[in-house]
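Please open the model in your viewer and keep the selection tool at hand. The tour below goes from one selection to the next and says what is found at each stop.

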Amino acid sequence: MTSILEHQIRPAPPADVEGADAPLVSVVIPCLNEEETIGRCVRAAREVLADLDGECEVIVVDNDSEDESGRIAAAAGARVIHERRRGYGSAYLAGCAAARGRYLVMADADLTYDLKEIPRFVSELEAGAELVMGDRMDNIHPGAMPWLHRYVGNPVLTGVLNLFFRTGVKDAHCGMRALRREVLPRLELRTTGMEFASEMVIRAAKENLKIAEFPIAYHPREGQSKLSSFRDGWRHLRFLLVHSPTHLFIAPGAALASLGTLVVVFVGAGLDFFGRAWGLHALIGGALLMIVGTQVLALGLCAHAYGTYFMGERDPWFDRMRARFRLEHGLLLGGLFMLVGTVMGAVIVATWISHGFGSLAKERLAVVAASLVIVGIQIFFSSFLLSILGLRRR
């Protein structure tokens, strides 16, 4: 299988935004088969930019259109960039890499956003903001956004994003936004699809950028929508999950392992649990939870290590754990689990021998012993894997 990393599109080195010839603002517009609206969109942007104090440019990224979008955009006065790898993120990565302005304003080509708002975005950036977001949710014109997107998709995805990354943004998927050109290298944007919108907000939050947001209007689009509700919604959710190992792995793994350990201890010792005595089947279920939880927890730690060492992620919690614990601690803990399990297994074998190799009645002890050995093996070798990932440490 081809690695996703092989298809990452990396922006070119930033332009000299301090140079005398650098424009003040670059408006970047992705375009895929938008010949009905792209000309009006470019002209509207140029009219607004003409009133700003400084040279500005409009960049249209022709994302392998099959109509006359590129030619129409150029005729309207835009600088047209051709990006044949289709995708919302692909278009913006190409457009932002080509932009020369100190401030980059992003907007769609379907006239859903009022480009007269551009000066407000620029004013927020000049006031010190590093990323400025539009908030559509309180001013959506009739017919502009499907019910499913307005009341389910966008609120849920934005809520999950804020839960995981604490951005404080009300509308994380608004297509009209602006940022300082100088912060692009810090964001290290990679995604090529619609999840690009979430990635920018997440990376900005992780880099502690100053994010501003204000309400804007959202108008009905002209032309055919390129958005696929369920496919793109899933891509956004998938992106949020894979970029938050704590919520995807650590929290569920810790919960499963804790619950499983509690069941194994109480049931294995023959104690009452929730007011009643439980049998072998409950013990097997608890052992399963403990083993699976430990494995998921180990995967989460490895995901954190990969993000830290290979993707430039920073997580204070993981950094503290990394500074406090070493390979030897994991090997010792794993070895301790294996030793206890092995000793319990030896007791079972000794009992079996002392009874003349007859039938055994140590099922509970056997389940506990096997579980401890398995968990010990998981901890032992996961510690080595974390150490291997740590070889990339900068």
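Two strands count as paired if DSSP finds at least two bridges between them. With that in mind, begin in this predicted model by selecting V25, whose bridge partner in strand β2 is C56.

**The sheet**

Widen the selection to β1 (25-31) and β2 (56-62), two strands that run parallel and are joined by seven bridges. From here, bring in the rest of the sheet, which is open, has seven strands and follows the order β3-β2-β1-β4-β6-β5-β7, with mixed pairing. At its edges lie β3 (79-82) and β7 (211-215), each of which pairs on one side only. If you look along the sheet, neighbouring strands are turned against each other by 20° on average, with direction ignored.

Which residues of β2 are buried on one side, and which on the other? Colour C56, V58, V60 and D62 for one side and E57, I59 and V61 for the other, and you have marked residues that are all buried, so that both faces of the strand are covered. In count, seven of the seven residues of β2 are buried.

**Strand β5 and its two partners**

Next select β5 (residues 131-135), which is joined by three bridges to β6 (residues 177-180), the two strands running antiparallel. Within this pairing, L131 has L179 of β6 as its bridge partner, while M133 is partnered in β6 by R177. Strand β5 also pairs with β7, here in the parallel sense and over five bridges, and the partner of M133 in β7 is E213. M133 is therefore a useful residue to centre on, because it has a bridge partner in β6 and another in β7.Like β2, strand β5 has both faces covered, with L131, M133 and D135 buried on one side and V132 and G134 buried on the other. Five of the five residues of β5 are buried.

**Helices against the sheet**

Now add helix α7 (residues 196-206), which lies across β4 (103-106), β5, β6 and β7 and runs at about 40° to β6. After that, select helix α3 (residues 88-98), a mostly covered helix in which 10 of the 11 residues are buried. Among the buried residues of α3 are Y88, Y92, L93 and C96. If you show what surrounds them, you will find that the buried residues of α3 pack against β1, β2, β3 and β4, and also against α6 (184-187) and α7.

**Two loop residues**

Is E117 buried or exposed? Select this residue in the loop between β4 and α4 (118-126); its relative accessibility is 14%, and E117 therefore counts as buried. Leaving out residues up to four places away in sequence, E117 touches M176, F214 and I216.

Move on to N139, which is placed in the loop between β5 and α5 (147-165). With a relative accessible area of 37%, N139 is partly exposed. Apart from neighbours within four places in sequence, N139 is in contact with I216, A217 and Y218, and I216 is thus a residue to keep displayed at both of these stops.

To travel to the next part of the model, draw a distance from the C-alpha atom of N139 to that of L385, two residues that are 246 apart along the chain and whose C-alpha atoms are separated by 50 Å.

**Two helix pairs**

Two packed helices are described by the angle between their axes and the distance between the axes. Select helix α12 (residues 327-354) together with helix α13 (residues 363-389), which pack at an angle of about 160° with their axes 7 Å apart. Angles over 145 degrees count as roughly antiparallel, and α12 and α13 are therefore roughly antiparallel to each other. Their crossing is left-handed. Sorted by class, the residues in the contact of α12 with α13 are 20 nonpolar, nine polar and no charged.

For the last stop, select helix α9 (residues 245-268) and helix α10 (residues 280-310), whose axes are 6 Å apart and which pack at an angle of about 150°. That angle makes α9 roughly antiparallel to α10. The crossing of α9 and α10 is left-handed, and the residues of their contact divide into 21 nonpolar, 10 polar and no charged.

How values were computed:
Residues are numbered from 1 along each chain as its sequence is written. This is a predicted model: local features need pLDDT of at least 70, side-chain atom pairs count only at pLDDT 80 or more; totals for chains, interfaces and linings use all residues. Side-chain values use heavy atoms; hydrogens and water are left out. Helices (H or I, at least four residues) and strands (E, at least two) are DSSP runs, numbered from the N terminus. Axes are lines fitted to C-alpha atoms, for helices over the stretch in contact, and angles run from 0 to 180 degrees between N-to-C directions. Contact means heavy atoms within 4.5 Å. Angles under 35 degrees count as roughly parallel, over 145 as roughly antiparallel, 65 to 115 as roughly perpendicular and the rest as oblique. A crossing is left-handed if the near helix is turned anticlockwise from the far one by less than a right angle, and right-handed if clockwise. Ala, Val, Leu, Ile, Met, Phe, Trp, Tyr, Cys and Pro count as nonpolar, Asp, Glu, Lys and Arg as charged, and the others, Gly among them, as polar. Buried means under 20% relative accessible area, exposed over 50%, partly exposed in between (1.4 Å probe, protein chains only).
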